[in-house]
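Subject: Structure handover

Hi,

Here is the structure for you to look over. My notes on it follow below.

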Amino acid sequence: MTQAQAGDTRIDWEAALVQRACSGDTRAFERLYREHAGRVYGLCLRMTRDAHLAEDCTQETFINAWRALPRFETRSSLSTWLHRIAVNVSLAKRRKASPVEPSREDEAGGGGALEWTLETPVEVQEIEAAIGALPDGARDALVLHALYGYSHLEAARMLGVAEGTCKAQLHRARKLLRERLNVEVG
Amino acid sequence: MSGTGSGEERKVSALRELPPAIEPARDLWPQIEARINAERSTAPAAQSRPRAVPPRWLAAAAVVASVAVGVWIGRSLLPAARSGSGVESTISASRATAAGAPTALDVAYVPDPRYERDRAALMRSLQARLAALPPPARAKVMASLAAIHRAKEDLENALGKDPGNALLQELLVNTYQDEMRVLTDVHEAGDAGRGI
């Protein structure tokens, strides 16, 4: 099977699950959750920098998605749709929550919101910590654009800002990361 | 930070390869499911989620709706009618094979004489009653009957392939009940078409 065929199959499978979930099948929705929870949680965690808050945001994202599923157009990407909800939920939670200042561990580049395992490469820990220490707006733009692959326009729409603002935030993020990591970042 | 060229390359590579997915430390699904179920129990209507149901199935769903007359009564109250007492039903006639042998449907659905008599009387008066109805009410009745007949055909065809399917049998019985309801409504409606 070619990659394209595999992709089509996956989309069909997902559309079928969405349809079943729309008719009230929570088992189908659970399978969708299992498929997407990691990316949604990763996005929430990077936006909130707080594991408990990110868990709340992930739960809220999927509950909101369940409620809104009948309005979801199966032609569009479920992943993008979920991320849009996750961004909205995370922004709202972040506004309500007290501001999270970079911790000493963050500053030292050795920890923070993300929990490392022994297998996590040092470079990854260092870079995640550097991303976590960025100002909110710059971090949001970098995460959506560089990590999740959204275009400037898509990221801007998700964040509710102008495309130019998003580009400026991304420029700022790159500059700060470059200073901190002493490398050019993509 | 790291001053070596290879260290910088590793960092750049790591940034590009950071996994978008991070698995939560615990399974969040049980709480999500609990919230969903709690909402469903408090607002069952909101969760029924009508969504892009093809008109054909809407018609079938309407057909399955409910009425208590006819075949069901015949089946449950008049077992003699099912034992080959000579009652000739419309269904049996329409289901007879070319060789004259009864099909599975003939065996399963032999309505009682009272149902047959009442239906025949209603059918005789149908054209006259329809003519007296205002055009919108008449159109509504015609559309309902057409939907019922289509559903009946579909179900009979399906039962021809799977005669022992209890659900199909039940749905077919319901279509006959619904047809009776429509015919009765037409019969009882005034010239203004009230009740339709």
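A definition before the helix pair: axes are lines fitted to C-alpha atoms, for helices over the stretch in contact, and angles run from 0 to 180 degrees between N-to-C directions. Please keep in mind that this is a predicted model.

Now the pair itself. Helix α2 of chain A covers residues 26–48, and helix α2 of chain B covers residues 29–42. Their axes come within 11 Å and cross at roughly 145°. The crossing of α2(A) with α2(B) is right-handed. On the α2(A) side, the contact uses A:Thr26, A:Arg27, A:Phe29, A:Glu30, A:Tyr33 and A:Arg34. α2(B) contributes B:Trp29, B:Ile32, B:Glu33, B:Ile36, B:Asn37 and B:Arg40. By type, the residues of this contact are five nonpolar, two polar and five charged.

Next, chain B overall. It has 10 helices and zero strands. Of its 196 residues, 35% are buried. Take the contacts in chain B between residues at least 6 apart in sequence: 72% of them join residues at least 24 apart. The accessible surface of chain B is about 11100 Å², and carbon and sulfur atoms account for 60% of that.

Last, helix α7 of chain A, residues 136–147. Does its length fit or clash with what 12 residues should give, and why? It fits, because 1.5 Å a residue predicts a span of 16 Å and the end C-alpha atoms are 15 Å apart. Buried residues of α7(A) include A:Ala138, A:Arg139, A:Asp140 and A:Leu147. Just after α7(A), A:Gly149 has a positive phi of about 75°.

Best wishes

Terms used. Residues are numbered from 1 along each chain as its sequence is written. Chains are lettered from A and ligands numbered from 1 in the order in which they are written. This is a predicted model: local features need pLDDT of at least 70, side-chain atom pairs count only at pLDDT 80 or more; totals for chains, interfaces and linings use all residues. Side-chain values use heavy atoms; hydrogens and water are left out. Helices (H or I, at least four residues) and strands (E, at least two) are DSSP runs, numbered from the N terminus. The expected span of a helix is 1.5 Å times one less than its number of residues. Buried means under 20% relative accessible area, exposed over 50%, partly exposed in between (1.4 Å probe, protein chains only). A crossing is left-handed if the near helix is turned anticlockwise from the far one by less than a right angle, and right-handed if clockwise. Contact means heavy atoms within 4.5 Å. Ala, Val, Leu, Ile, Met, Phe, Trp, Tyr, Cys and Pro count as nonpolar, Asp, Glu, Lys and Arg as charged, and the others, Gly among them, as polar. Accessible areas come from the Shrake-Rupley method with a 1.4 Å probe; for residues, only the protein chains shown count as cover.
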